[in-house]
Amino acid sequence: CSMTDAAEELQQQIRSCTICADRLPVAPRPIVQLHSDAKLLIAGQAPGSRVHATGVPFDDPSGDRLRDWIGIDRDTFYNASRVAIAPMGFCYPGTGKHGDRPPLKICSETWRSRVMDALPHVKLTLVIGQYAMAWHLPDRGNNLTETVRAWRNFDESIMPLPHPSPRNNIWLSKNRWFEDELLPVLRRRCNAALYDQ
């Protein structure tokens, strides 16, 4: 069984997973994009209601902003052999008082290590939001803003980001350094991961 088969097989297993069905407000619809050749991994939180409806990851205003941040078009973004998209929770968790609920822990406990093992060629991981940071950067010991602000302290193969949601417009307006200092480097690193041989 080749590596590609393993990643695609894992993707099929995830897409048919119903482990959290009794904890979700809607029927499970795991959303993931995996291919063993992927060079860029987008580690987000969990799909929102719009993405749940379409079944396409980041097919919403958050995705438009994320693609703008990293400087790639939709065709590249949805090319699984270049970009893997694996949120901490694969299913829409429903809404709480302040936006969507957190991803269910059982999802990352069940799948995360297997997903990482199936992506041997990833050169850059974008760690989006606090739940992804808790898994991918467990020793960071800071809040989200401090973690993102400390991006230079991490290995070049990992980049912490705030969520690109319109809900974070105030955060972005208060943290101008993000656009001025981090985004140019983010675009360079994404370009290098995707296109440097």
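This passage describes the sheet, the helices packed on it and a few individual residues of a predicted model. Residues are numbered from 1 along each chain as its sequence is written, and side-chain values use heavy atoms, with hydrogens and water left out. Because the model is predicted, local features need pLDDT of at least 70 and side-chain atom pairs count only at pLDDT 80 or more, while totals for chains, interfaces and linings use all residues.

A good place to start is the open sheet, whose four strands follow the order β2-β1-β5-β6 with parallel pairing. Strands here are DSSP runs of E with at least two residues, helices are runs of H or I with at least four residues, and both are numbered from the N terminus; two strands pair if DSSP finds at least two bridges between them. At the edges stand β2 (83-85) and β6 (158-161), each with a single partner strand, so one side of each has no neighbour in the sheet. On average, and with direction ignored, neighbouring strands are turned by 15° against each other; axes are lines fitted to C-alpha atoms, for helices over the stretch in contact, and angles run from 0 to 180 degrees between N-to-C directions.

Strand β5 (residues 124-128) is linked to β6 by four bridges, and the two run parallel. Within this pairing, L126 stands opposite M159 and V127 opposite P160. Four bridges also join β5 to β1, again in parallel, with L124 as the bridge partner of L40. Five of the five residues of β5 are buried, that is, under 20% relative accessible area, where over 50% is exposed and anything in between is partly exposed (1.4 Å probe, protein chains only). Both faces of the strand are covered, with L124, L126 and I128 on one side and T125 and V127 on the other.

Turning to the helices, α3 (residues 61-70) lies across β1, β5 and β6 and runs at about 140° to β1. Helix α9 (residues 176-195) also packs on the sheet, touching β1, β2, β5 and β6, and its direction makes about 140° with that of β6. The two helices pack with their axes 7 Å apart, at an angle of about 80°. That makes α3 roughly perpendicular to α9, a label for angles of 65 to 115 degrees, with under 35 roughly parallel, over 145 roughly antiparallel and the rest oblique. D68, W69 and I70 of α3 meet F178, L183, L186, R187 and C190 of α9, where contact means heavy atoms within 4.5 Å.

Some individual residues complete the picture. T54 lies in helix α2 (residues 49-54) and counts as partly exposed because its relative accessibility is 35%. Beyond its neighbours within four places in sequence, T54 is in contact with R29 and D59. The side chains of T54 and D59 are joined by a polar contact of 3.4 Å, meaning a pair of N or O atoms within 3.5 Å; within protein, one must be able to donate a hydrogen and the other to accept it, and residues adjacent in sequence count only if both atoms are side-chain atoms. H35, in the loop between α1 (3-15) and β1 (40-43), is buried at 13% relative accessibility, and its side chain reaches the backbone nitrogen of D37 at 3.0 Å.

Finally, a search of the whole structure finds zero disulfides, defined as pairs of cysteine sulfur atoms within 2.5 Å. The sulfur of C20 is 4.6 Å from the closest cysteine sulfur, in C91, and therefore too far for a bond. C20 is buried at 7% relative accessibility, and C91 is buried at 9%.
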